[in-house]
Every structure is written in structure tokens, then in C-alpha cells.
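Let us walk through this protein together, with the structure open beside the text. We will begin with a pocket and work outward from there.

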Amino acid sequence: MSVSDKILEGLNQKQREAVTYGEGPVLIVAGAGTGKTQVITRCIAWLIAMKRAKPEEILALTFTEKAAAEMEERVDILVPYGYTGVWIGTFHAFGDSVLRENALLLGLVPDLQVLTRPQQIIFFREHLFEFPFSYYRPLGNPTRYIEAMVTLFSRAKDEDVTPEEYLAYAERLKKETEEGPDDPELEEIATQQMEIARTYKKYQDLLAQHGKIDFGDQITLPLKLFRTHPLVLRQYQDRFRYILVDEFQDTNYTQFQLVKLLASRDQNITVVADDDQSIYKFRGAAISNILGFMDTYPEAKQTVLTENYRSTQMILDAAYRLIGYNNPDRLEFKNNIDKHLKAQVREGPSIKHLHYDTLFSEAEAAANLIKKKVEKEGCDYRDFAILVRANRDADPFLRSLNMADIPWTFSGNEGLYTREEVRLLISFLRSVANFDDSVSLYYLAASEIYQLLARDLTLCMNYASRRNRSLYHIFSRVSEILELGEEISPESKATISRIMKDLEKYAQLAIKGGTGEVLYSFIIDTGYLKRLTSLSSLTNEEKVKNTARFFDIIRSVSNVITYDRIPQFTSYLDLLMEAGDNPAVAEADTEADAVNVLTIHKAKGLEFPVVIMVSLVSQRFPCHYRRESISLPDPLIKDILPSGDFHLQEERRLFYVGMTRAKKELYFTSA
């Protein structure tokens, strides 16, 4: 079999058309379950195999590192050995590499530090009195608008609004108030917008002075570079002759401007998208990018993939009826194409809606349904997915699964710091940093590492409270305190002695050692890591992954704080938590035999034989629309909003994504 035959093997007619298309812009409209990832990876392999492009002349952009790694792996399998070199990565990774290669042209240092959102908030707070604030720094609560400002600047960057452009808008408003009739309301708006514009400019200047950028800068600054340095743009156009974008419906306005500039010379741009799965408006995604692609590139080839290899026709028909309510703001309506998906698998049972009197009954019924199917129909636990609208909706269902003794994994958008294993590590660090932190020491003593008897620990804690002393103080004198000496068991006294010796040992080590170094010594010396890795179970695997994620955070923070020592780290961690930081837990292993509980955003790209969509009641799904505290002014928004209710349309698309995760059976539950 030739290389080209291998690349096209197993593809249907429409997929082949998409893969083998020649030069110029291409829009591949790939519905749910139509083999989107397969098509884009084979596009890359085809370009290389047909010698239309060298691997290093291809730029493939996607949205998550996981998707990029999967794409890279598939391309490696398809192309001949030695033909690697395709640049496959996320938009932010590409922008970051452009910035570091050309930082000096933008007046920046090459070793830029990228701030997360919580780190931005901390940075803003540290420089609060350097900003030209008046209205937005109230005396009673000077930090009140920090988060709102950070969100606003992020939105401005999504819309390709520079500080200079914002300042020009504020100047126009000011001029209108001076030239027009007396209008106190307009004067107040003009004053507020001028304050915001100057603050935005100052924020960017401060970031540059301190060698820092945020995620938005990883797109806006490369775009600025290409606009102001045509020679640099030409170099990247020479380097990347073919550009492919996965999940194009999730791009924001600025990302599309960047891609358009790169592709402006050769016009070899291929985008794979499904407007019905655009669910990231809250992160700045501009659905107008895909709806207007054919207007931007009138000569573009348009291929629609409708053969679905995942779900039954009944599920697809129901999902199609739902998403039809988003017309006329859909690609199907606008471009006059047929997007009704056709199932390639056998018929399945009808969709069921189960309603209950209380949320507890609903959660219990979902667990019982899963238990029954596993016991009587031979299903595996991994065949089931419970999809929730938001993280908070998962709790009652996780409790019901626990009560039914059903294994589960939960993939939400946050929650790392509340995981038992991470709370243990944080408690240890806080106990070492501050001997007076009784709450952390209490948690550490009760942990699976020390397992101090609950009765004896409570006696010590109560005594400490009555005497207004720290738990550490009581532990250090437990044998001398008559009231406790007679009550506490010899076993507990030995455990307390061990805890005290360990704290002194690691406090000494922490004087010269970094946070990660001390923490690693702790989990090795106490045998905690060995216990997790030697006893193979789903729970222990998750604990190891989450522990690794926490060490990644330690490494990241060590680059921000002046001295990488435990007291400085714990202080900065407290600031991060105060700023709302609570990263996602490690990605669950979908192959493990456990029920998958996920938010619908997390479930995108996945599929399960049985899907149960829960908590389908008003104000939960669809959820209530929350406006930003400080909105970006309409004249600065470049994304063309749909004619209908854009929030309700987004909620419909999210529901559509949830429905199309199901392969055989789909259940809706409510209470």
C-alpha cells in the first residue's frame, strides 16, 4: 500500500475531499462525531506525502495541549519516518514562541514570565497605588474593582483593542461632552472610561517593566509585532506556508486576525469547525469568525462532514431539532448547507426524561440506574457519564455514587486545592511556615501519614483553645500537662513526639531548601509517596497525579516570588486562593473502570455509551446570564453578535454538545 493510500484508507467521500483539497482557503464543517481530528491530521500527512510542503512549513494550531499532543501522535503514525517537524501546538504556545524569538523588537526581555489570572490580580494589587484611579479605587474598599479590571483588559485583548485604541475612544467621549449640551450622565461615563483607558495603558507599561505578560499578550503582542514589522511577518510567512486551525469556532477575534495575517500571502488556510459546538463565549470565543469565514475568503472551498460514527439517529435527530432554534444565526442557515447528521451505527433506544420530587431522589436514581445496568446488562462503569452544567452541580451525584459503592472520577474546571491529598501537602507547608497555625497542624496530625487518634487530638485541641495556646505549644508539652498526661494514650504520645521531631527537622531544612525540595523530602521520608505508588488503585493514581500538579504549581510560583522558601510560598499561595485560584484536578483516566462525572465543557471531544444529563431545571440549565462588573463598551467590540439572545443560544449549543456525547443511550433527569 502506497503512503497516499494509507493516508486515505477508511475515509468517506467527503472526508477524502477535505483531505486532498489543493491550494487556497478551506472551511471544513465537521459535525459532532464525524471524524474531525482524523481529517485534520490526515490533511497534514497528505501535504507532506504529496510533497506540497515540507513538515516545517506547516503550522497547526489548536486550543489545548492535550489536543495538540493527540494530533502530533497521529501525524507521526501517518507520515514516513524522519518526516517530523510540523509545528503543532496551541495558539498561546505559538504566540509565546514568536514573542521570545522577537522580544527585543517589542522592547521586552526574552525570558518573559507569563502570569495566570490569579497572578495578574496579585500583580495588580501590588501596584494598586501606581494606577491613575479615582472612581475605581473607593476609599472604603480600594481593591474592590481589581478583578473586574483584569477581566475587562482580558476582554479588550480578545477584541484586539489596544491601550492606544481604548484611549482614543475615551478622548472622543470626552470631546463629545465638551462640545455637546450639558449631560451629567455622559460626563460621568466619559470620566470613567478615561480612567479605565489610562489604567489599561499603565497596566501594560508595568507588565513590560517587570518582564511579565498575561495570556492575552501571547496573542496581541505577536499581532502587534507582525503589523509593525513587515520583515518579521514575511519571515514567518516564508516559514509557514500552510496553516491549519482545529476547533476554529472557539477562536476569538484577535486570534483570527493573527491567522489572517500569517495566511495573507499564500492564502493556504484550512479551518475545521462546527458552529453548533461553539461553547466558549465566556472565554472570548467569537462565533462570527466561523459565520463570516466565507465572507473573508469568498473563494474558499467548503466541505461539510455529516456522516456520524458515534451516536444513534434518534439522538442526532433530537439534537438537530434543538439546535435549529438558533436559526438564523447558524452556518447551515447562512451558507445554505445541510448539517443534519446521519448515523452510521444501528438504532438504539429512545431518549428518556426522568423527573423526581427532590434533588436527592434524582441523584439516588442516577446511581441506581447505573448499578442496575452494570449488574443486569453487563455494562462497565466506564460506559457511563454524568454530565453537569457547573462544578457545584456534581456534589449530590458524587455523594449518591459513594453511597451506592460505585467508583467514579470527576473532571471539573477547578478543585485541586480542596482535594484531600493536596490539602495534606498544604497543611504540612503551613505547619512548617507557622508553628502557631493550629488548624493546619490539626489536619496534618489527623492525616493518613500520622493518624493521631481522633479522641486524643480533640483533647489536645480543646485544651489549646481553653488556654488560648497553639496546638504546637500543647504538643511540645503534652507529657508535662497533668490534665492531658493521664488521658492521652502512650500510642498517641509517641505519634505526637514523631510529629514534633518531623516539624523541627523540616523547619531546619526549610531555612536553606526550596519549597519543592522540602516537600519532596517529606513525602519520601514519611513513606507517603511509596504507599500511593505501591498500592495500585484508581484513587491512588488520582492522588499521585494531583500531587504532581501541585508540584507544578510550586515550580511556577517559585519563578514569581523573590525567595523560594516555604514561608514566602505559603503567603503567595494564600494570595492566589484569595484571588480565586483553585486549578482543575488532574485529568481523569477515561479508560479506568469508573463512572465519569464531568462538566459539559470538559466532556467536549469525548464519547460514552450511556450519558445522563442531570439537574435540567430552570436557572441551572440554562443558567442565568451574569453581566461583567465593568463591560467593554459596545463601540470597541469587533465581534459581530448574533441577532438572537446570544446567551440562550450558547446554552443551546452547550446542551447540544452534551447530547452528542452519547453513543447508545441518553437520559435527561430533573427534580
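The residues lining the second largest pocket divide into ten nonpolar, five polar and nine charged. Please keep in mind that the model you are looking at is predicted. The space in this second largest pocket comes to about 450 Å³. To find the pocket on screen, look for Pro-163, Glu-164, Gln-204, Leu-221 and Lys-224, which are the closest to its centre among the 24 residues of the lining. Four elements give two or more residues each to that lining: α8 (163-179), α9 (184-209), β5 (212-214) and α10 (217-228). Of these, α10 supplies the largest share, seven residues.

Why does this pocket lie between two domains? Domain 1 (24-112 + 215-305) and domain 2 (136-210) both contribute residues to the lining, so the second largest pocket lies between them.

One of the pocket's elements, α9, deserves a look along its length. With 26 residues at 1.5 Å a residue, α9 should span 38 Å, and its end C-alpha atoms are 37 Å apart, which agrees. Just after α9 comes Gly-211, where phi is positive at about 65°.

Now let us step back to the whole chain. The protein is divided into domain 1 (24-112 + 215-305), domain 2 (136-210), domain 3 (351-414 + 589-669) and domain 4 (417-576). Taken over C-alpha atoms, the centres of domain 2 and domain 4 are separated by 45 Å. A pair of residues gives another sense of scale: Val-75 and Thr-199 are 124 residues apart in sequence, and their C-alpha atoms are 45 Å apart in space. Val-75 is part of helix α4 (residues 65-78). Is Val-75 buried or exposed? Its relative accessible area is 3%, so Val-75 is buried, given that buried means under 20%.

Next, the enclosed spaces. The structure has five cavities of 30 Å³ or more. About 130 Å³ of space lies in the largest cavity. Its lining has 16 residues, and the closest to the centre are Tyr-21, Gly-22, Leu-47, Tyr-242 and Thr-270. Two helices and two strands, α2 (13-20), α3 (36-49), β6 (242-245) and β7 (269-273), give two or more residues each to the lining of the largest cavity. By character, that lining divides into eleven nonpolar residues, four polar and one charged.

The second largest cavity holds about 90 Å³ of space. Among the residues that line it are Ser-278, Lys-281, Asp-639, Phe-646 and Arg-653. This lining divides into six nonpolar, two polar and four charged residues. Domain 1 and domain 3 each provide at least three residues to the lining of the second largest cavity.

Aromatic rings are our next stop. A pair of aromatic rings is described by the distance of the centres and the angle of the planes. Across the whole structure, a search finds 30 aromatic pairs. In one of them, the rings of Phe-293 and Tyr-297 have centres 5.0 Å apart and planes at 45°, so the pair is tilted. Phe-293 and Tyr-297 are both buried. Phe-655 and Phe-668 form another tilted pair, 5.3 Å from centre to centre with 55° between the planes. Since Phe-655 lies in helix α30 (residues 646-659) and Phe-668 in strand β16 (residues 662-670), this pair ties together parts that are 13 residues apart in sequence. Phe-655 and Phe-668 are both buried as well. Elsewhere, ring pairs link Phe-123, Phe-124, Phe-131, Phe-133, Phe-153, Tyr-166, Tyr-169, Tyr-200 and Tyr-203 into a cluster.

We finish with some details of the backbone. Asn-327 and Pro-328 are joined by a cis peptide bond with omega of about 5°, and Pro-328 sits in the loop between α15 (313-323) and α16 (331-334). The peptide bond from Phe-621 to Pro-622 is cis too, with omega near 5°; Pro-622 belongs to the loop between β15 (608-613) and α30.

Positive phi values also turn up in residues other than glycine. Gln-267 has phi near 60° and is found in the loop between α12 (253-263) and β7. With a relative accessibility of 28%, Gln-267 counts as partly exposed. For Asn-468, phi is near 55°, and its place is in the loop between α21 (454-466) and α22 (471-476). Asn-468 counts as exposed, at 70% relative accessibility.

Definitions and conventions. Residues numbered from 1 in each chain as written. Predicted model: local features only at pLDDT ≥ 70, side-chain atom pairs only at ≥ 80, totals over all residues. Heavy atoms only, no water. 1 Å grid on protein atoms, 1.4 Å probe; cavity = no way out; pocket = protein on both sides within 12 Å on 5 of 7 lines; lining within 4 Å. Points joined across faces, edges and corners; volume = space filled by probe spheres on them. Nonpolar A, V, L, I, M, F, W, Y, C, P; charged D, E, K, R; others polar. Domains from an automatic or database assignment. Expected span 1.5 Å × (residues − 1). Phe/Tyr/Trp six-rings, centres within 6.5 Å; stacked < 30°, edge-to-face > 60°. Buried < 20%, exposed > 50% of the residue type's maximum accessible area, 1.4 Å probe, protein only.
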